[in-house]
Amino acid sequence: NRQYAVAVNSCTQGLVFAMMAAMSSNSRILIPSISFAASINSVLMAGHTPVMCDVDDNALIDLSTLDYALNANGVETLMYANLFGHIVDYDKLKLHTDFFSGETYIIEDAAQSFGAKYKGRPSGSLGDVSVLSFDPTKNLPNYGSGGMVLTDDLALAEAIIDLRNNGKHSGHELMGTNSRMSESDCAQMLVKFKYFEEWQRRRTEIAEFYTEHLSTYVDPILPNEGVDHAWHKYVIRLSSRHALNGYLAAKGIETRFHYDKPLFELPIGWEYVDYAKDPYRGATSFSRECLSLPIYPELTDSEVEYIIDSVIDFLS
């Protein structure tokens, strides 16, 4: 239900363009400390300064520490990530950003949450600007790369059109680059979109079956009240995740660590955190315990049962 949508080469480029078009140079952008590297890379590529804050048990931006993170760091823009297909408690987020901190510009990184909803509102509509990803790993995947910037601001949309296509839209009054999606990729995605809801229902079936059989053995990352999860990933938390990862690999089951390092532990993020002042306990704990199980629509019932049986065999 957005007014404007601009296709770009990737979600990362979409985030960069959203910041370049909407903010003055060298703004301070608040981001969660657990996310893909694109979160911090996009801030730096756009010429801004990242300010990291802690995450909660679900690896979403920790709303209980948001007032401090906003007020103590001179932040005017917040970019939050809907990791794993989840959505943050958006009403509470807006309460903090509007009531306690004045008008805060909000960027929704919806790379992993296309198909999710918060109280009936689809991800992609929750923020001043939202950015989607069509990377091959996403719920609506492209064969190469791709992304889309969504907004209700015409001036912002037109600026991003200039940025993605060398300033042609304004007659080259503004600078730009080449960051477009190919017509063939978009055509293939239009075909895939016909099957999207069916794929989403299958992801939900698998996730619910995992939860039903594994929640007594591990701590799954589950949706908060009012959230329809997109189940881009099914993430569990356990202290023995490395051992389980190796055990499942030996049985032909691939698992991943999303994400095994907070952004401030990446070399590019070292200078943007003060460990003495900001311990980031939630992010550190999550990064040491998270493990992603397979979840995609093509998994058969027998494969899902095999994964569950294997996890239980290891933990019993």
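What is the volume of the largest cavity? About 40 Å³. Keep in mind as you click around that this is a predicted model.

**Stop 1: the cavity.** Searching the whole structure turns up 1 cavity of 30 Å³ or more. To see its walls, select Ala 111, Gln 112, Ser 113 and Phe 114, then add Leu 132, Ser 133, Phe 134, Lys 138, Asn 139 and Leu 140. Colour that lining by class and you get 5 nonpolar, 4 polar and 1 charged residues.

**Stop 2: the core.** In soluble globular proteins, nonpolar side chains tend to be buried together. Here, the largest nonpolar core has 41 residues. Start with Met 19, Ile 31, Ile 34, Met 79 and Phe 286, the ones with the most contacts inside this core. Now show the elements that each give it two or more residues: strands β1 (4-8), β2 (28-32), β4 (77-81) and β8 (129-133), plus helices α1 (11-22), α2 (38-45), α5 (154-164) and α9 (281-289). Of these, α1 gives the most, with 6 residues.

**Stop 3: Phe 286.** Stay with this core residue and bring up its contacts beyond four places in sequence. You should find Ile 34, Asp 57, Ala 59, Phe 84, Ile 221, Val 235, Arg 237, His 258 and Tyr 259.

**Stop 4: Ser 310.** Move along to helix α10, residues 301-315, and pick out Ser 310. Is Ser 310 buried or exposed? Its relative accessibility is 2%, so Ser 310 counts as buried. Setting aside residues up to four places away in sequence, Ser 310 touches Tyr 247, Leu 248, Lys 251 and Ile 253.

Note on methods. Residues numbered from 1 in each chain as written. Predicted model: local features only at pLDDT ≥ 70, side-chain atom pairs only at ≥ 80, totals over all residues. Heavy atoms only, no water. Helix = DSSP H or I, 4+ residues; strand = E, 2+ residues; numbered from the N terminus. Buried < 20%, exposed > 50% of the residue type's maximum accessible area, 1.4 Å probe, protein only. Contact = heavy atoms within 4.5 Å. 1 Å grid on protein atoms, 1.4 Å probe; cavity = no way out; pocket = protein on both sides within 12 Å on 5 of 7 lines; lining within 4 Å. Points joined across faces, edges and corners; volume = space filled by probe spheres on them. Nonpolar A, V, L, I, M, F, W, Y, C, P; charged D, E, K, R; others polar. Core = buried A, V, L, I, M, F, W, Y, C linked by side-chain atoms within 4.5 Å.
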